[in-house]
Amino acid sequence: MQLADHPSRRRLAAALDGLARTFRGMTARPDEHNCECHWGSPDELRLLKTPDVELDPDLLRRTWQAVDWSHQAAVLRRILPQFARTLVGGEADATFGPEDWARAFRNSGWREWPADHSGPVWEFLHAWWASSLTDPDTAVPAHEVFVLCAEASHTVTPWLADWAGERGPLSDRRLAEAVAEWEYDLLGDDLPWQAWEYGTEMRDELSAWLIDHAAPRLRASGAPAGLLNGIRLLGLTEEDRWTDPQWPGYRY
């Protein structure tokens, strides 16, 4: 199969097209403003109030990064098609992480938008997440896409459900990579990223899913013993974990 014909890639392209159609013509509010010293010039602000004009990468970054917009939802609608393409292409500023990218979604209250607006956002997130698990040629690691989806939506539940439904060598490899990335923090009873809300709940749900679902799946796929041991230790509590003979020696 040619990569261009990969089903998840076609779905993601369709989701990006859906964002472009849905938010075509959107602008920031006429009364929107921001600090010239810290955000940008009046001419740049006028661009946000002009529909369908491509923003240069630095202006796009300053726009999604800013948290002090008066009408955050309108600003996100204005930039969302371009912002989504930038994220998928791995072109977002590398000094920021997926939880930072997700903040623009969270601050907009997008989940409360009417269904004809929130629906395409949900589909984009699900399509990107599926692509990160099944497309061998993705620009952003699957575990980072997971963090963005979880933080943007305030929950890990739908993304874990999608992961459980995606079976195959590549998806299993993405799972092993994520466990290796997250193990240290989870064994220290921390979420492996900076959560803006619900950090404890997401940590507990993620750990339980790894114990119940990921462990047998990774065992069947031949994952390294050390990786499986890390998940086993997640099932222990407090001193039992840290005094286990196979504790990896982490210090917190």
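This is a short dialogue on reading cavities, cysteines and salt bridges in a predicted model.

Me: Let's start with empty space. How many cavities of 30 Å³ or more does the structure hold?

Reply: The general idea comes first. Rolling a probe the size of a water molecule over the atoms shows where empty space is left. In this predicted model, the structure holds 1 cavity of 30 Å³ or more. The volume of the largest cavity is about 40 Å³.

Me: Which residues line the largest cavity?

Reply: Look for Val179, Trp182, Glu183, Leu186, Leu210, Gly230, Ile231 and Leu234. By type, the lining has 6 nonpolar residues, 1 polar and 1 charged. Helix 9 (169-187) and helix 11 (225-234) each give at least two lining residues. Helix 9 has the largest share, with 4 residues.

Me: Now the cysteines. How many disulfides does a search of the whole structure find?

Reply: A disulfide is a covalent bond between the sulfur atoms of two cysteines. Here the search finds 0.

Me: Why is there no bond between Cys35 and Cys37?

Reply: Check the distance between sulfurs. The closest cysteine sulfur to that of Cys35 is in Cys37, 4.4 Å away, and that is too far for a bond. The cut-off is 2.5 Å. Cys35 is partly exposed, because its relative accessibility is 31%. Cys37 has a relative accessible area of 72%, so Cys37 is exposed.

Me: What about charged pairs? How many salt bridges does the search find?

Reply: To find one, look for a side-chain nitrogen of Lys or Arg within 4 Å of a carboxyl oxygen of Asp or Glu. The whole structure has 16 salt bridges.

Me: With which residue does Glu151 form a salt bridge?

Reply: With Arg106; their closest N and O atoms are 3.7 Å apart. Glu151 is in helix 7 (residues 142-153) and Arg106 is in helix 5 (residues 98-108), so the pair ties together parts 45 residues apart in sequence. Glu151 is buried, at 0% relative accessible area. Arg106 also counts as buried, at 12%.

Me: Where does Glu197 lie, the residue that meets Arg106 in a salt bridge?

Reply: Glu197 lies in the loop between helix 9 and helix 10 (199-220), so its pair with Arg106 ties together parts 91 residues apart in sequence. The N to O distance is 3.0 Å. Glu197 is partly exposed, at 35% relative accessibility.

Me: Which residues are linked in a network of salt bridges?

Reply: Glu44, Asp58, Arg61 and Arg62 form such a network. Elsewhere, Asp244 pairs with Arg232, with 2.8 Å between the closest N and O atoms.

Technical notes. Residues numbered from 1 in each chain as written. Predicted model: local features only at pLDDT ≥ 70, side-chain atom pairs only at ≥ 80, totals over all residues. Heavy atoms only, no water. 1 Å grid on protein atoms, 1.4 Å probe; cavity = no way out; pocket = protein on both sides within 12 Å on 5 of 7 lines; lining within 4 Å. Points joined across faces, edges and corners; volume = space filled by probe spheres on them. Nonpolar A, V, L, I, M, F, W, Y, C, P; charged D, E, K, R; others polar. Buried < 20%, exposed > 50% of the residue type's maximum accessible area, 1.4 Å probe, protein only.
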